[in-house]
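Visitor: Could you take a close look at the backbone for me, with its helices and the loops between them, and explain step by step what is found there?

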Amino acid sequence: MKQELTPLFTGLVEHIKRNPVQFHIPGHKKGFGIEPEFRNFIGENALSMDLINIAPLDDLHHPEGIIKEAQELAAEAFGADHTFFSVQGTSGAIMAMIMAVVGPHDKIIVPRNVHKSVMAAIVFSGATPVFVHPEVDHEFGISHGISPGAVKRALEEHPDAKAVLVINPTYFGVCCHLRQIVDIAHSYGVPVLVDEAHGAHIHFHERLPLSSMQAGADMAATSVHKLGGSMTQSSILNVKEGLVNVDRVRAVLSMLTTTSTSYLLMASLDAARKQLATRGRELLEKTIGLADYLREEINKIPPLRCMGKEILGSGAVHDLDPTKLTICVKDLGISGHDAEKYLREAHNIEVELSDLYNVLCIITFGDTKREADLLIEALKDMVKTFLPQAAKKDVQVLLPEIPKLALSPREAFYAETEAVPFEKSAGRISAEFVMVYPPGIPIFIPGEMITEENLYYIQKNMEAGLPVQGPEDRELKWLRVIKE
């Protein structure tokens, strides 16, 4: 197939040039009916592409024309048998992926550090999660991947499991030995589903970790908008035939997808695929070089430390995406949130996320050495600002423990509940999600026992100013638990 083509984007542009009279939604009618200040800022081209699924433009729910062609080109580019566009972000693709293979009471093996969308899909499907403990990095205070051995043990103990879900890469760019995990799961006849939200680019350069499709996974939900160059909220679901019913995947996706699909988002997916397929290696070569330069320079600014391949060595920490810069600031005597705030207020720099100990910066082919040097100088200034008081602080690395699952997430979510004071909730069963977002990994999910240790961890995140989300009570004075 000709990867330089963009059937969907080109088809939309040709339709816009014909300038048909529109007696259909959206009501702003090519932008003429929208608020003028907004129109002037967004521009006429973007608003003219905000269209609907009229016959010439195909329909994402039943593609037969330009959307079908665009998805087929994406499948070839990503090494899949089928690729489905998602305008519900990767969260929507993840939920469809899970709900296509498990139903009520089915077991699914998952790492405990999954994104909240995975747990939402488990609640909706009624499946039972079998949690696998991820490897923990006590130096950086983060969770990594899961090991092939842990997956094998889980399958031996739960041979009736219907699927294995893996995060690859993690938010911080760490990859497990995915190919081994795939081989193990397939030996049990079990499909492997991958949350590949942070790996849209890795398929297109040999220095990057193996992509899900390269490793032989059965499905992968991939955020093209995060690191592949498309617009926010646009993602894809890659599928390989064999252990997965593709027709069911298609049906579940349609159930979860809005009927008012955004052509602007889908066109950006088409264009991003073209760029990755035709110029991805060239662009990523520069990106990796820039990230390597940054990592080297940051590690020359003690006491900062930028995570690199020195952490590798196990099946759970098998490879690393070098374009992710995890910068540990704990030896500077500040939290990651303090560092994020300083970089914003003193240098007008925004990072991807911060936690208690780190800030995360992502490097893409949209960056140049100019931005890299601005970050280096800002980090040097930050060290000069905080280092004199760093020795006065003793930083203890905290990580949430994995609570006991007392009820299935679905049972807990729909059970009769009551609100109890936060400080008196230990020992009760949570009826809601509690997480820090980003990265969106739940500290508690519905059905888990609330522990004193994790309440303390939540308090520390709140004291640091980090965004604790999920509970009904945004001030976290009380939590919703299963009624006794």
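Guide: Helices and strands are here runs assigned by DSSP, of at least four residues for a helix (H or I) and at least two for a strand (E), and they are numbered from the N terminus. Please keep in mind that this is a predicted model.

Let us start in the loop between α11 and β11 (305–306), which is where Pro303 has its place. The peptide bond that joins Pro302 and Pro303 is cis, with an omega of about 5°. A cis bond is also found from Pro438 to Pro439, where omega is near 10°, and Pro439 lies in the loop between β17 (434–436) and β18 (441–444). These bonds are worth pointing out because most peptide bonds are trans, and most residues other than glycine have a negative phi.

With the sign of phi in mind, we can turn to Lys29, which is not a glycine and yet has a positive phi of about 50°. Lys29 sits in the loop between α1 (7–18) and α2 (36–42), and its relative accessible area of 31% makes it partly exposed. Leu476, which is not a glycine either, has a positive phi of about 55° and belongs to the loop between β19 (468–469) and β20 (478–482). Leu476 is buried, because its relative accessible area is 6% and buried means under 20%.

A positive phi, near 55°, also appears at Asn348, the residue that follows α12. Helix α12 itself covers residues 336–347, and its 12 residues reach 16 Å from the first C-alpha to the last, close to the 16 Å expected at 1.5 Å a residue. Among its buried residues are Ala339, Glu340, Tyr342 and Leu343, and what covers the buried residues of α12 includes β14 (353–354), β15 (358–362) and α13 (369–390).

Finally, we return to α11, which spans residues 263–298 and contains Asp270. Asp270 is buried, with a relative accessible area of 0%, and, leaving aside residues up to four places away in sequence, it touches Thr6, Pro7, Leu8, Phe9 and Ala70. A polar atom of the Asp270 side chain lies 2.8 Å from the backbone nitrogen of Leu8, while the side chains of Asp270 and Arg273 are joined by a polar contact of 2.9 Å. An α-helix has 3.6 residues a turn, so residues three or four places apart point the same way.

Technical notes:
Residues numbered from 1 in each chain as written. Predicted model: local features only at pLDDT ≥ 70, side-chain atom pairs only at ≥ 80, totals over all residues. Heavy atoms only, no water. Buried < 20%, exposed > 50% of the residue type's maximum accessible area, 1.4 Å probe, protein only. Polar contact = N/O pair within 3.5 Å; in protein donor to acceptor, adjacent residues only side chain to side chain. Contact = heavy atoms within 4.5 Å. Expected span 1.5 Å × (residues − 1).
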